[in-house]
Amino acid sequence: MAVPIFDYFSDWRTRRLTCPACVWEGTFEAGDRELFDGLQDCSCPGAHGLLAAPMLAILQFPTEGEWREHWDELSEAEQRHLQRGWGQA
Ligand SMILES: [Zn+2]
């Protein structure tokens with residue numbers, strides 16, 4: 001099964017993910033998330049015994065240019081967080 005890659009500006013926060021190996025179902029934010037440079041992945045938080053939990057989705061973070069294109073859609077908290085990261089706080 002191909003792991004879906006979510007665009008940050010899509011409806012990923014409300015998208016239901018289903019684990020192919022157990023009965024778990026939930027949103028990306030309810031899953032077992034791991035943060036990497038430029039992306040975050042979500043694995044099933046359910047019980048899988050000795051088997052690795054399947055990865056359910058990948059969330060791709062926007063580049064600085066893409067953030068700026070969607071600036072008006074961001075919450076104030078997101079804007080503050082980004083500006084801090086860019087050293088303009
Ligand atoms: Zn599972």
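**Exercise 1. How many of the five residues of β4 are buried?**

Start with the term itself: a residue is buried if 20 or more other C-beta atoms lie within 10 Å of its own, exposed if 12 or fewer, and partly exposed in between, with the C-beta atoms placed from the backbone. By this rule the number of buried residues in β4 is zero, so the strand lies largely in the open. Note that this is a predicted model, in which local features need pLDDT of at least 70 and side-chain atom pairs count only at pLDDT 80 or more, while totals for chains, interfaces and linings use all residues. Residues are numbered from 1 along each chain as its sequence is written.

**Exercise 2. Which strands form the open sheet, and in what order?**

First, recall what counts as an element: helices (H or I, at least four residues) and strands (E, at least two) are DSSP runs, numbered from the N terminus. The protein chain has two helices and six strands, and along the sequence these follow the pattern β-β-β-β-β-β-α-α.

Next, apply the pairing rule, by which two strands pair if DSSP finds at least two bridges between them. The open sheet has four strands in the order β1-β6-β5-β4, with mixed pairing. β1 and β4 (32-36) stand at the edges with a single partner strand each, so one side of each is left without a neighbour in the sheet.

**Exercise 3. Follow the sheet from β1 to β4 and describe each pairing.**

Strands of a sheet pair through backbone hydrogen bonds, either parallel or antiparallel.

- Step one: strand β1 (residues 5-7) runs parallel to strand β6 (residues 55-60), and three bridges join them. In this pair, I5 stands opposite I58, and the bridge partner of D7 is Q60.
- Step two: β6 pairs with strand β5 (residues 39-43) in the antiparallel sense over five bridges, and here Q40 has L59 as its bridge partner.
- Step three: β5 is joined to β4 by five bridges, and these two strands run antiparallel. F36 is the bridge partner of L39 in β5, and the two strands form a hairpin with two residues between them, where G38 in the turn has a positive phi of about 90 degrees.

**Exercise 4. Where is Q79, and why is it classed as partly exposed?**

Begin with the location, which is helix α2 (residues 76-85). Then count the neighbours: Q79 has 13 other C-beta atoms within 10 Å, and is therefore partly exposed. The helix as a whole is hardly covered, since the count of buried residues among its ten residues is zero. Just after α2, G87 takes a positive phi of about 75 degrees. Finally, the C-alpha atoms of Q79 and R68, which are eleven residues apart along the chain, are separated by 9.7 Å.

**Exercise 5. What is the radius of gyration of the protein chain, and what would a compact globule of 89 residues have?**

The radius of gyration is taken over C-alpha atoms, and the globule rule is 2.2 Å times the number of residues to the power 0.38. A compact globule of 89 residues would have a value near 12 Å, but the protein chain has 15 Å. As a further step, take the box along the principal axes, which the C-alpha atoms fill at roughly 45 × 20 × 20 Å. Of the 89 residues, 10% count as buried.
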